[in-house]
Amino acid sequence: MKPVTFNCTVLRDGHQSLAATRMPTEVMLPIASILDTMGFSALETWGGATIDSGLRFLGEFPFDRLDALKKAAPKTPHMMLLRGQNIVGYTNYADDVVEAFIKMSAKHGMNIFRIFDCVNDPRNMETSIRTAKACGCQAHGTICYTTSPVHTTESFVKMGCELAEMGADAIVLKDMAGLVPPHVTAEIVSSLKKNISIPVWFHTHDTAGLGASSILSAIDAGLDAADVSISPFANGTGQPDCLRMLALLEGNPRKPEFDLEKLHEIQELLKPIYASLSKYTSHKNEIVDSDTLRYQVPGGMLSNFRTQLKEQGMSDKFDEVFAEIPVVRKALGWIPLVTPTSQIVGVQAMLNVKFGRWKNITPQAADISLGYYGRTTAPVDPEVQKLCAEKMGKDPITCRPADLIKPGMADLRKKLAEKGMPTTDEYCVIYAMFPQQLEEYHKNPGPKPEPAAAPAPAATTGAATLNLNLQGRTYSVQIEEL
């Protein structure tokens, strides 16, 4: 069997997981040039939170970063994480907006689109897969691993087969919380390899200390490619370090060959960058966190929620809030915890504890229960769904959510023209997701000051607005005593 290949995530998920996605493009370029000579099967350089964070905090126009990185690393395929019909935003967008985003990304040099859906509904990935392939790019269908009474090896493999039939060029097992144990990883990978003829890739985090051993098990089960990062933007809530994985594979016939001196050189270049981002790093994110196994949530969600609960005067409610998370997940059809569902479930769990279970429901949680995010693996609790329908004044749906969204590009172009902004497809697709941030960038490019934390409401009687900022996304929650 041929050697496994490695994808390098340091320029995207590495700093997203360990440094709040704050690495600016200019410091990436020397690293990218060296990475391009290493023999990685892909460089993850874009997507996920990098587009939002780059625009919101670094004052960078997203496609400029992609242009610069592609110029610095032209030989190795570039890969991005795409949230299916959510693109890189937090809700579903019209098909023509999704198509335009992918076409512009391909035009600017993107080669591999790793496409997932926050509720594991393949229907929400179909437009992205079709469009990426039409652009001559690879479309990788992604399974979000999660644990629940309804998620099994068989259910994950069934989804992988459905994505392969949809035209995916590879299947990715995405373990965003670092929860999949080695034996289960091997079981899923080997079953996928038996049932599909396309490559199988694996993405995990070392949050709970399982990531490296699960990659080893996946490789022995026939895995084609694994994600690794490079220290200090590795391990902990990030991907296992490349040098560490090579050491663990010593003597294994599937070990890939890398220039160790170049890897050490990159590490030395990254150390001062990591130090310069100390405001956004945390020791809790650098170490194995067994709380992840207890609460079954992504490490970034854990660390962010500790801060959020403190700001809301609920530090003493930590255990209650996290005990409420599986209650919310079950009611909403045992959805995975991945952006944006991790934020949505977390906010709803907080509100359930603070104000009473289902006394206050966010519009996003209601939309999940009513089918507006897609089809959930298990049925939604009928009583919760009925309550959400009454509160939101709309009925549940069973169709693909995007079928109800009218085309958006023409309207976006009109709005940009009215504001005196460029009406290119690039501006249109970014404006669709981040209108306020793009307007601010257009008026004043460059790094932005960090927003102050929103205060908690002064009282819980009458009506109040609670602003919750989770992983760069602000949720405005209307609170009213019933």
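**View 1. Helix α2 crosses helix α11 in a left-handed sense.** In this predicted model, local features need pLDDT of at least 70 and side-chain atom pairs count only at pLDDT 80 or more, while totals for chains, interfaces and linings use all residues. Residues are numbered from 1 along each chain as its sequence is written, and side-chain values use heavy atoms, with hydrogens and water left out. The view joins α2, residues 25-35, to α11, residues 260-276 (helices are DSSP runs of H or I with at least four residues, strands runs of E with at least two). Their axes, 10 Å apart, make an angle of about 170° (axes are fitted to C-alpha atoms over the stretch in contact, and angles run from 0 to 180 degrees between N-to-C directions). The two helices are therefore roughly antiparallel (over 145 degrees; under 35 is roughly parallel, 65 to 115 roughly perpendicular, the rest oblique). As for handedness, left-handed means that the near helix is turned anticlockwise from the far one by less than a right angle, and right-handed means clockwise.

**View 2. Here are the side chains where α2 meets α11.** From α2 come V27, I31, I34 and L35; α11 offers E265, I266, L269, L270 and I273 (contact means heavy atoms within 4.5 Å). Sorted by class, this contact holds eight nonpolar residues, no polar ones and one charged (nonpolar: Ala, Val, Leu, Ile, Met, Phe, Trp, Tyr, Cys, Pro; charged: Asp, Glu, Lys, Arg; polar: the others, Gly among them).

**View 3. Another partner of α2 is helix α4, residues 62-72.** The axes of α2 and α4 come within 8 Å and cross at roughly 25°. That makes α2 roughly parallel to α4. Six nonpolar, two polar and one charged residues make up the contact of α2 with α4. On the α2 side, look for T25, M28, L29, A32 and S33; their counterparts in α4 are R65, A68, L69 and A72. The crossing of α2 with α4 is right-handed.

**View 4. Helix α1, residues 10-19, also packs on α2.** Between these two helices the angle is about 130°, and their axes are 12 Å apart. The pair is therefore oblique. By class, the α1 and α2 contact counts six nonpolar residues, one polar and no charged ones. V10, L11 and H15 of α1 face M28, I31, A32 and L35 of α2. Two of these α2 residues, M28 and A32, also appear in the contact with α4, while I31 and L35 also take part in the contact with α11.

**View 5. A cis peptide bond links S231 to P232.** Its omega is about 10°. P232 belongs to the loop between β8 (225-228) and α10 (242-248). Leaving aside residues up to four places away in sequence, P232 touches L18, Q267, L270, K271 and Y274. One of these, Q267, lies 35 residues from P232 in sequence, with their C-alpha atoms 7.0 Å apart in space. The loop between β8 and α10 also carries N235, a non-glycine residue whose phi is positive at about 65°.

**View 6. A cis peptide bond also joins T339 and P340.** Here omega is about 5°. P340 sits in the loop between α15 (318-331) and α16 (341-355). W334 lies in the loop between α15 and α16 too, and its phi is positive, about 55°, although W334 is not a glycine.

**View 7. The largest cavity has a volume of about 60 Å³.** The model has four cavities of 30 Å³ or more (a cavity is a set of points on a 1 Å grid over the protein atoms alone where a 1.4 Å probe fits but cannot get out, and lining residues have an atom within 4 Å of a point; points join across faces, edges and corners, and volume is the space filled by probe spheres set on them). Around the largest one you will find Y145, T146, T147, D175, M176, A177, L179, Q296, P298, R329 and L337. That lining divides into six nonpolar, three polar and two charged residues.

Definitions and conventions. On a 1 Å grid over the protein atoms alone, a cavity is a set of points where a 1.4 Å probe fits but cannot get out, and a pocket is an open set with protein on both sides within 12 Å along at least five of seven lines; lining residues have an atom within 4 Å of a point.
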